[in-house]
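Here is a brief report on one protein chain. Please look at the sequence and the structure first.

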Amino acid sequence: MGFLDDIAKTFNSLANLQKSQTEKIKAQTKKDKMKRITKENKELKKALSRNKIIGIVGIVVTITSVFIGYSLLVYFPINNVP
């Protein structure tokens, strides 16, 4: 029985070694995934702040162009001369 017990212990230790290696790989993969997600989130925040600035500038330009257009129509009206 001693020989069979030794074989069983060897298989158990190999199985435990494989499980621990698998867990280490899973932990490393999870860590890498979290780093990647964190990096992507930082890039998205930068992009969103740039887009906010572009949007605000677009609104200001639109309002300014409407004001200038209205002022031109008031000061230089279109006369329909027959």
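## A positive patch on the helix

Start with Lys45, which sits in helix 1. This is a predicted model. Lys45 has a relative accessible area of 62%. That value is over 50%, so Lys45 counts as exposed.

Lys45 has partners in charge. Together with Lys42, Lys46 and Arg50, Lys45 forms a positive surface patch.

## Overall fold

The secondary structure is quickly told: one helix and zero strands. Helix 1 covers residues 2–75. The C-alpha trace spans about 120 × 25 × 10 Å along its principal axes.

The radius of gyration fits that picture. For the protein chain the value is 35 Å. A compact globule of 82 residues would come out near 12 Å.

## Burial and surface

How much of the protein chain is buried? Buried residues account for 1% of the 82 residues. The chain exposes about 8100 Å². Of this area, 67% is supplied by carbon and sulfur atoms.

## Charges and the salt bridge

The protein chain carries 15 positive and 6 negative charges. The mean positions of these two sets lie 14 Å apart.

How many salt bridges does the structure hold? There is one. Arg36 pairs with Glu40, and their closest N and O atoms are 3.3 Å apart. The cut-off is 4 Å, so the pair qualifies.

The spacing in sequence goes with this contact. Arg36 and Glu40 are four residues apart in helix 1, which means a separation of about one helical turn. Both ends of the bridge are partly exposed: Arg36 has a relative accessible area of 43%, and Glu40 has 37%.

## A nonpolar patch

Which residues make the nonpolar surface patch of about 860 Å²? The members are Phe67, Ile68, Tyr70, Leu72, Val74, Tyr75 and Phe76.

Phe76 belongs to the segment after helix 1. Is Phe76 buried or exposed? Phe76 is exposed, because its relative accessible area of 59% is over the 50% cut-off.

## In short

The protein chain has one helix and a radius of gyration of 35 Å. Its one salt bridge joins Arg36 and Glu40. Its surface includes a positive patch with Lys45 and a nonpolar patch with Phe76.

Definitions and conventions:
Residues numbered from 1 in each chain as written. Predicted model: local features only at pLDDT ≥ 70, side-chain atom pairs only at ≥ 80, totals over all residues. Heavy atoms only, no water. Salt bridge = Lys/Arg side-chain N within 4 Å of Asp/Glu carboxyl O. Helix = DSSP H or I, 4+ residues; strand = E, 2+ residues; numbered from the N terminus. Buried < 20%, exposed > 50% of the residue type's maximum accessible area, 1.4 Å probe, protein only. Rg over C-alpha atoms; globule rule 2.2 N^0.38 Å. Areas by Shrake-Rupley, 256 points an atom, 1.4 Å probe, with all protein chains shown as cover. Lys, Arg positive; Asp, Glu negative; His and termini not counted. Charge placed at Lys NZ, Arg CZ, Asp CG, Glu CD. Patch = residues over 30% accessible without salt bridge, like charges linked within 9 Å, V, L, I, M, F, W, Y side chains within 5 Å.
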